[in-house]
Amino acid sequence: MDKALKTRLIVACVALTGGLSLLSARLVFVQAVDHEMYAEEARKRYVHKETLEASRGRILDRNGELLARNQTVYTLTVDCNRLNAPISAYRALAVKESERTGRRIDTGDIKRRYDRDVLRASDEEKDGALRNDYFARINELLWEPLRIPKHELAAKLKSKKTGEIVLAKAIEEDFSRELRGIIRENRLGGIELRKTERRFYPSPKSLTHVIGFVDANGEGKAGVEKVFQEEMTGTPGFRYTERDITRKEIHAFRGEEKLPVHGNNVRLTIDMSLQVMVEDKLDQAVEQYTPEKITAIWMDPRTGEVLAMASRPHFNLDTREGIRRNLAITDTYQPGSTFKIVAFGAAFDKRLITPTTPIFCHWGKYEDEGFTLLDHHPY
């Protein structure tokens with residue numbers, strides 16, 4: 001063998017052995033030293049911590065009649081990362097073309113069509129054209145059911161390139177099924193319905209001041225909702241899940257899970273059958289006398305329990321329109337003649353008078369130490 005060739009072969013073998021040794025050392029370093037770091041980076045990409053919301057406690061009257069509870073609703077959101085991924089557009093446009101032509105069109109056909117039609121365009125221009133067509137398809141399918149003008153929906157879809165866009169909130173179950181069908185049948189990637197909850201009041205115009213209300217974050221801002229905020233608020237749970245490239249959960253790899261602790265219920269002393277009677281009488285009085293304000297409290301004198309409480313004006317629990325201040329407990333009003341029974345009762349209890357004892361009322365005007373009390377009429 002030629003000496004020069006032999007030298008070259010030895011050098012090549014040494015270089016190859018050295019290179020492979022370095023690669024082997026690097027692999028050992030990655031696996032042994034940096035293993036946890038790379039494993040954590042990988043987990044961040046496919047393992048997600050999902051919050052399990054706790055339901056707010058219900059409000060009930062003394063007989064168990066429901067006054068307030070949480071209702072399951074949905075929020076229609078857009079995952080901008082998936083929305084702008086070419087594969088989402090290919091799938092949705094393939095469905096559209098299949099419907100138009102009456103034959104099966106797959107994602108590969110759509111990709112080749114865009115590569116051919118915009119052959120001389122840059123990758124950025126190709127992606128832009130593809131994205132615009134996909135957005136137009138979403139607009140075409142969703143503007144009418146969502147009752148959002150096409151130009152507004154188009155602007156929303158283009159408002160962000162990362163993160164999340166909210167298209168609609170407080171979607172009820174029946175409508176959510178309709179939207180879910182549209183999304184699934186047309187393969188609209190990046191459009192998702194997320195389950196949430198909102199406060200529901202079966203009788204939004206009754207006992208409004210007592211019940212109170214919660215804000216958009218579910219925090220009590222008035223009435224029982226505010227007073228028992230801590231007791232009715234539960235503790236959220238969590239669940240670790242693994243998702244594929246389309247963000248669908250891989251149930252076989254579901255990880256640690258902690259179930260939520262739901263909030264406690266609150267039972268009031270209010271009797272809604274009596275409450276309805278009181279409010280009906282107040283409405284009649286308002287219609288007949290048009291007072292500036294009117295309040296009624298119905299109590300059990302043996303226990304002090306409030307059985308009914310209402311005021312006018314009041315407000316609507318759904319729209320929050322009206323006067324939210326509970327006049328029955330916030331406004332002061334001189335008791336006037338209604339308080340005479342307290343002094344009379346004390347004197348009667350001490351046997352200083354009888355029910356027939358006449359009381360001199362100073363002809364409606366009593367003065368003492370510069371302070372004057374006036375009666376409605378002279379007695």
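**A pocket and two buried residues in a predicted model**

Helix 14 contributes five residues to the lining of the second largest pocket, the most of any element. The structure described here is a predicted model. The second largest pocket encloses about 830 Å³ of space. Its lining comprises 24 residues, and those closest to the pocket centre are Gly336, Lys340, Cys361, Leu373 and Asp375. Two or more lining residues come from each of helix 14 (340–349), strand 13 (365–368) and strand 14 (371–374). By residue class, the lining of this pocket consists of 14 nonpolar, seven polar and three charged residues.

The protein as a whole has 379 residues, 30% of which are buried. Its secondary structure consists of 14 helices and 14 strands. Of the contacts between residues at least 6 apart in sequence, 64% link residues at least 24 apart. The accessible surface of the protein amounts to about 25800 Å², and carbon and sulfur atoms account for 55% of this area.

Serine 311 was examined in its local setting. This residue belongs to strand 12, which spans residues 306–312. Serine 311 is classed as buried because its relative accessibility is 1%, under the 20% cut-off for that class. The side chain of serine 311 forms a polar contact of 3.2 Å with the side chain of threonine 295. In addition, a polar atom of the serine 311 side chain lies 3.5 Å from the backbone nitrogen of alanine 328. When neighbours within four places in sequence are set aside, the residues in contact with serine 311 are His209, Leu282, Ile294, Thr295, Asn326, Leu327 and Ala328. Threonine 295 and alanine 328 thus appear both in this contact list and in the polar pairings of the serine 311 side chain.

A second buried position is methionine 232, located in helix 11 (residues 229–232). Methionine 232 counts as buried because its relative accessible area is 0%, again under 20%. In sequence, methionine 232 is 176 residues away from arginine 56, yet the C-alpha atoms of the two residues are 5.4 Å apart in space. Arginine 56 is also among the contacts of methionine 232 once neighbours within four places in sequence are left aside. The contacts of methionine 232 so counted include the consecutively numbered residues Ser55, Arg56, Gly57, Arg58 and Ile59. The remaining partners of methionine 232 are Arg199, Val224, Glu225, Gly263, Asn264 and Val266.

Key:
Residues are numbered from 1 along each chain as its sequence is written. This is a predicted model: local features need pLDDT of at least 70, side-chain atom pairs count only at pLDDT 80 or more; totals for chains, interfaces and linings use all residues. Side-chain values use heavy atoms; hydrogens and water are left out. On a 1 Å grid over the protein atoms alone, a cavity is a set of points where a 1.4 Å probe fits but cannot get out, and a pocket is an open set with protein on both sides within 12 Å along at least five of seven lines; lining residues have an atom within 4 Å of a point. Grid points are joined across faces, edges and corners, and a volume is the space filled by probe spheres set on the points. Helices (H or I, at least four residues) and strands (E, at least two) are DSSP runs, numbered from the N terminus. Ala, Val, Leu, Ile, Met, Phe, Trp, Tyr, Cys and Pro count as nonpolar, Asp, Glu, Lys and Arg as charged, and the others, Gly among them, as polar. Buried means under 20% relative accessible area, exposed over 50%, partly exposed in between (1.4 Å probe, protein chains only). A polar contact is a pair of N or O atoms within 3.5 Å; within protein, one must be able to donate a hydrogen and the other to accept it, and residues adjacent in sequence count only if both atoms are side-chain atoms. Contact means heavy atoms within 4.5 Å. Accessible areas come from the Shrake-Rupley method with a 1.4 Å probe; for residues, only the protein chains shown count as cover.
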